[in-house]
Amino acid sequence: MVQLFLFLGGISLFLYGMQMMGDGLQQAAGARLQKILGQLTKKTIYGVALGAGVTAVLQSSSATTVMTVGLVNAGLMNLEQAFGIVMGANIGTTMTAQLIAFNLTDYITLIIAIGFVMQIVCKKRTLKNLGAVLLGFGILMLGMSMMSNAVIPLRQDPRIVDILGKFSTHPLMGLLTGLVMTLVIQSSSATIGILMAMASQGLIPLEGAIPVILGDNIGTCITAVLATLQSGLNAKRVACSHVMFNLCGSIIALILLPFFISFVKDISPAGNIGRQIANAHTTFNLVNTCIFLPLAPYFTRFIKKLMPGEENDISYQPKYLDKNVLNTPAVALGLAAKEVVRMGDLALENIRKSFACVDNYNKKDVDFILEHEPVIDSLEEAITVYLTKMSEKNMTKEMSNLHTGLIHACNDIERIGDHAEIIAKRVRSMREDGTTFSPEANREMKELEVLVVSAATKAIKALENNDKDLARESLDFSHQVKIKQKAMRKSHVERLNEGVCTPETGFVMLELLINMKRVSDHSKNISQLVLGDF
């Protein structure tokens, strides 16, 4: 029982250290990894390199793949680009095993001490983050040492030795064991760590460890599969490509297992089972990527045939912007206006869903809003850059006014999207905290929602058609929102004094009111742009 507790403690420290090391690396990198992935170029080989680099920082191929699934689901990346990242993620995740393979047992406490001191003493953020990396690595190695010590008594158990010994003669059994272990632990690096701990005590030879590694690679796909359960078709295709990539590679490796084992032994130091396992893990993913890289276009077509259907999701890349017409300002402005309106429609969709969640909480709608808000931000950036390049061109006074107005409208629409996100997060917190409004507050909130949505919808429509009448109607709704919000504040104070609602509930309601009012204010700005009042 003591050995079991020691083993469980070792796994816990291993996972915690790996998470700390990954967090420290992310902070030290100082980069917005999701944005980096989203700006991926079209060449698959660059996707492989980027996927490997990001995974080395995140210390989790699953995290990289889930991020990629989200970008594909949002329309920011296609299947071909995503598959390159998936292949690279498999390579990047082998870094952990390579680090573990260095025999640093005698320096564990020194590494932990240095990392701890750096976090406490250093003032520079970069050095503090580096301290977190060292501390995490030290804790990871301590957990590894504990696991290794915990399995020492198993060498005396003939039943365990017999079972593990069968992995060498029955590789499929080892593969299934690795698959199940990774499904349970949800970390391929942890499975490899356990495998290396057992191998270091002579419980399992390289011939038995490699099939477990293959199963581990298949099992790590489960996170991406789970992440796509409520996603679009293209996102599901990414998860399928991840599974098929690792499954096909494992089958090939099993068929060529004797040659694979021989190759790993040739490139690894004799008698160093830890280094052999780490090299086997890296070699498998490198060779698998080399095999599939030239076949990527055909493989992705196969995945599409395997999962047929048309993806009806909107493409959130700029749809109308064309750099080739920048020398013709009149045409370029028309395209920019269409893109701004499309961005406005996306922000409106988020606003409607956020208001719907206030009345009737829906997790799917909240997830939709949080997933698509970065898309609105991305469009705002692309449109602003496009319009900025146009400022260098000769424009008439009318075109210059439209140009300035579109820049302002783009900013207002982006802020509307931000408020939708804030409302969605607040509604989610309400759900988690069990906060509810009184029937009267609910009724008033619905009335305000109708006014705000009407103001925003008419403002975007007025911008699209340059309709001054619609712009005036939007301004009228914005004025009504202002009056209604003041009345609701007064009603809230009365209910508070009467004990109908609590201060906590009132605070939430006031926060929602502020954000709804700001959506109306930005709608007012857009309407004034249409009327020429800016």
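**Burial, cores and helices, word by word**

Me: What makes α12 mostly covered?
Reply: In α12, 13 of the 14 residues are buried. Buried means under 20% relative accessible area, exposed means over 50%, and partly exposed is in between, with a 1.4 Å probe and protein chains only. Since 13 of 14 residues fall in the buried class, mostly covered is a fair name for α12.

Me: What kind of model is this?
Reply: This is a predicted model, where local features need pLDDT of at least 70, side-chain atom pairs count only at pLDDT 80 or more, and totals for chains, interfaces and linings use all residues. Residues are numbered from 1 along each chain as its sequence is written, and side-chain values use heavy atoms, with hydrogens and water left out.

Me: How do you know how many helices and strands the protein chain has?
Reply: Helices are DSSP runs of H or I with at least four residues, strands are runs of E with at least two, and both are numbered from the N terminus. By that rule the protein chain has 23 helices and zero strands. Buried residues make up 50% of its 534 residues.

Me: Why is the reach of α12 called close to what is expected?
Reply: The expected span is 1.5 Å times one less than the number of residues. For α12 (residues 206–219), with 14 residues, that is 20 Å, and the helix reaches 20 Å from its first C-alpha to its last. Helix α11 (residues 188–200) works out in a similar way: it has 13 residues and reaches 18 Å, close to the 18 Å expected.

Me: How many of the residues of α11 are buried?
Reply: The count is 12 of 13, and α11 too is mostly covered. Among the buried ones are Ser188, Ile192, Leu195 and Met198. Just after α11, Gly202 takes a positive phi of about 80°.

Me: Why does Thr220 count as buried?
Reply: Its relative accessibility is 6%, so Thr220 belongs to the buried class, although its place is in the loop between α12 and α13 (222–227). Thr220 touches Ser61, Ser62, Thr182, Ser188, His242 and Asn246, leaving out residues up to four places away in sequence. Here contact means heavy atoms within 4.5 Å.

Me: What about Ser241: why is it counted as buried or exposed?
Reply: Ser241 has 0% relative accessibility, so it counts as buried. It sits in helix α14 (residues 233–255). Beyond four places in sequence, Ser241 touches Leu79, Phe83, Phe299 and Ile303. The side chain of Ser241 also reaches the backbone oxygen of Val238 at 2.6 Å.

Me: Which residues have the most contacts inside the largest nonpolar core?
Reply: They are Tyr386, Ile413, Phe437, Met445, Leu463 and Leu512, in a core of 63 residues. Elements that give two or more residues to this core are α18 (329–359), α19 (363–390), α20 (397–433), α21 (439–465), α22 (468–498) and α23 (503–531). Of these, α18 gives the most, with 14 residues. A nonpolar core is a set of buried Ala, Val, Leu, Ile, Met, Phe, Trp, Tyr and Cys residues joined through side-chain atoms within 4.5 Å.

Me: Which residues is Met445 in contact with?
Reply: Leaving aside neighbours within four places in sequence, they are Val358, Phe437, Met488, Met509, Leu512, Leu513 and Met516. A second, separate core of 45 residues includes Ala97, Met147, Ile210 and Leu214.

Me: Why is Ala441 called buried or exposed?
Reply: At 3% relative accessibility, Ala441 counts as buried. Ala441 is found in helix α21 and touches Arg495 and Met509, not counting residues up to four places away in sequence. The C-alpha atoms of Ala441 and Arg495 are separated by 9.1 Å, though the two are 54 residues apart along the chain.

Me: And Ala487, in which class does it fall?
Reply: Ala487 has a relative accessible area of 38%, so it is partly exposed. Its place is in helix α22. Its C-alpha atom is 9.4 Å from that of Glu444, which is 43 residues apart along the chain.

Me: What puts Asn466 in its accessibility class?
Reply: With a relative accessible area of 52%, Asn466 is exposed. Asn466 lies in the loop between α21 and α22. Its phi is near 50°, a positive value in a residue other than glycine.

Notes. A polar contact is a pair of N or O atoms within 3.5 Å; within protein, one must be able to donate a hydrogen and the other to accept it, and residues adjacent in sequence count only if both atoms are side-chain atoms.
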